[in-house]
Amino acid sequence: MFEQNLYDCIMQNTDFYALVASRLFAAILFASLLGIERELTGKVAGLRTHILVCAGACVFTLLSIYGFKMHITEGIAGVNDPARIGAQIITGIGFIGAGTIMRTGSNISGITTAATLWMAAAIGMACGSGMYAVGLFATLSTLFVLILIRQFEKRFLSDFLKKYRNVKISISCNI
């Protein structure tokens, strides 16, 4: 009974939604700093990938704090531990995401796809736990990253990245 009252109090409080939005915004902001640095140094996992991984971890953390509550059902006291399921989702999506990463020579592709799959799992967990505001904000944040940040990368970072070239040197010795 106490847990349900606590849950109702949290979900009816508009400060809670501001808390969720501020935490996701902070995760995106901090990940952006890391991602821009990685982009400017020509690393494979760049701006969007860092933002998606960080925002996904934020959503998973919000879910672990607020999304899963103890339940008392049918007069039997006990602890429902859906966080175990969450841990398996995270691991499983990580495994699936790793399968989307492809390496061809020195080119690597699929990292943003893997991060997007991971983020999609986080959004699904948010919706599954009834945290629709978290799911909606995470979805809009992910779309922002995938669409608008890509335009930012093309417009402002592409000129900087064109200054760098990959050089492959092969040495063969015939003795």
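Trainee: Why is Glu153 called buried?

Mentor: Glu153 has a relative accessible area of 14%, and buried means under 20%, so the value falls on the buried side of the cut-off. Do keep in mind that this is a predicted model.

Trainee: What makes Glu153 and Arg48 a salt bridge?

Mentor: Their side chains meet at 3.3 Å, N to O. The rule asks for a side-chain nitrogen of Lys or Arg within 4 Å of a carboxyl oxygen of Asp or Glu, so Arg48 and Glu153 qualify. The pair links distant parts of the chain, with Glu153 in helix α6 and Arg48 in helix α3 (residues 47-67), 105 residues apart. In general, side chains of opposite charge can pair when their charged atoms come close.

Trainee: Is Arg48 buried or exposed, and why?

Mentor: Arg48 is buried, because its relative accessible area is 15% and the limit for that word is under 20%.

Trainee: How many salt bridges does the rule give?

Mentor: The count comes to 1 salt bridge.

Trainee: Let's turn to helix packing. Why are α4 and α5 called roughly antiparallel?

Mentor: Helix α4 (residues 83-99) and helix α5 (residues 111-128) pack at an angle of about 160°. Angles over 145 degrees count as roughly antiparallel, and therefore α4 and α5 earn that name. Their axes are 9 Å apart, and their crossing is right-handed.

Trainee: Where do these helices sit in the order of elements along the chain?

Mentor: From the N terminus on, the elements run α-α-α-α-β-β-α-α. That gives 6 helices and 2 strands. Of the 175 residues in the chain, 32% count as buried.

Trainee: Why does Leu33 count as exposed?

Mentor: Leu33, which is found in helix α2 (residues 14-40), has 58% relative accessibility. Exposed means over 50%, so the label fits Leu33. The C-alpha atoms of Leu33 and Leu47 are 8.1 Å apart in space, with their positions 14 residues apart in sequence.

Trainee: And why is Cys54 called partly exposed?

Mentor: Cys54 stands at 27% relative accessibility. Buried would need a value under 20% and exposed one over 50%, with partly exposed in between, so Cys54 belongs to the partly exposed class. Cys54 lies in helix α3, and its C-alpha is separated by 8.9 Å from that of Leu24, 30 residues away along the chain.

Trainee: Last one: what makes Leu140 part of a nonpolar patch on the surface?

Mentor: Leu140, in helix α6 (residues 132-161), counts as partly exposed at 48% relative accessibility. Patch residues need over 30% and no salt bridge, and nonpolar side chains are joined within 5 Å, so Leu140 passes on accessibility. Its partners in the patch are Leu136, Leu143, Phe144, Ile147 and Leu148. Together with Leu140 they have about 580 Å² of accessible area.

Conventions
Residues are numbered from 1 along each chain as its sequence is written. This is a predicted model: local features need pLDDT of at least 70, side-chain atom pairs count only at pLDDT 80 or more; totals for chains, interfaces and linings use all residues. Side-chain values use heavy atoms; hydrogens and water are left out. Patches are made of residues with over 30% relative accessible area and no salt bridge: like charges are joined within 9 Å, nonpolar side chains (Val, Leu, Ile, Met, Phe, Trp, Tyr) within 5 Å. Accessible areas come from the Shrake-Rupley method with a 1.4 Å probe; for residues, only the protein chains shown count as cover. Helices (H or I, at least four residues) and strands (E, at least two) are DSSP runs, numbered from the N terminus. Buried means under 20% relative accessible area, exposed over 50%, partly exposed in between (1.4 Å probe, protein chains only). Axes are lines fitted to C-alpha atoms, for helices over the stretch in contact, and angles run from 0 to 180 degrees between N-to-C directions. Angles under 35 degrees count as roughly parallel, over 145 as roughly antiparallel, 65 to 115 as roughly perpendicular and the rest as oblique. A crossing is left-handed if the near helix is turned anticlockwise from the far one by less than a right angle, and right-handed if clockwise.
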